[in-house]
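Biologist: Could you walk me through this model, pocket and core included? I'd like the cut-offs along the way.

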Amino acid sequence: MNHWKNKLICSVAMSCLMLPLAASAAATAPAVADTAQKNSAADQEIKVLKDVAQARPTEKTPWLRMTQIKYDAGSYGDAVAYALEVLQRDPADKYARGVVALGSLKLSIKALNDLNAQSDLNGTVLTDAQSQTKLLRESLGETVVDPSAVAEAKPKANRPLRKKAVRAAKAAAPTDAGGDAKPFGALQ
């Protein structure tokens, strides 16, 4: 009988401990379910689009839609791969070109951040990343941020006029009682 009581006490204690976890899980369950439903719907749509792409190999539309789905989902690697398929079918497609450029940049930034977090961003990887960043900024028309160049090019702060300069300016100004003074006369 004592063994049975211990099991009952343990089960009651465990259920009391699990109530806060169950409550928090119940609060997040709809969001998780919505995300899962959206992901499965997107996966099903991708499967259908792949079938359409196989049936019509020259058509860019299914590849373009797969690109949009993957890019919106944050799967930039897949989005870039699908965008490249679009570009094979239509080299002038601006959306696909944009996805290739931006998706690749996002992947690069993520990889560099991962390397930096692991303290592996040094040596040739660091110098190559810096040179590529410089090229990217130049291609976008942005100024290249170089701390030494910024310090040299920084304009000197305007200083307030000194008393001597003010006095000299007053002395140089013509003083005519009639008010016909020519303020720009010295420039002629």
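Modeller: Sure: helices are DSSP runs of H or I with at least four residues, strands are runs of E with at least two, and both are numbered from the N terminus. The model is predicted, so local features need pLDDT of at least 70 and side-chain atom pairs pLDDT 80 or more, while totals for chains, interfaces and linings use all residues. Numbering runs from 1 along each chain as its sequence is written, and side-chain values use heavy atoms, without hydrogens and water.

Biologist: Which helix gives the largest share of the lining of the largest pocket?

Modeller: A pocket is an open set of 1 Å grid points, over the protein atoms alone, where a 1.4 Å probe fits, with protein on both sides within 12 Å along at least five of seven lines; lining residues have an atom within 4 Å of a point. Here 13 residues line the largest pocket, with Ser108, Leu112, Ala129, Gln132 and Thr133 nearest its centre. H4 (94-117) and H5 (123-140) each supply at least two. The largest share, eight residues, is from H5.

Biologist: How far apart are the end C-alpha atoms of helix H2?

Modeller: Helix H2 covers residues 61-73, 13 in total. The expected span is 1.5 Å times one less than the number of residues, so H2 should span 18 Å, and that agrees with its end C-alpha distance of 18 Å.

Biologist: What phi does glycine 74 take?

Modeller: Glycine 74 sits just after H2. Its phi is positive, about 85°.

Biologist: Which residues does tryptophan 63 contact, leaving aside neighbours within four places in sequence?

Modeller: Contact means heavy atoms within 4.5 Å. With those neighbours left out, tryptophan 63 touches Ala53, Tyr82, Glu85, Val86 and Arg89.
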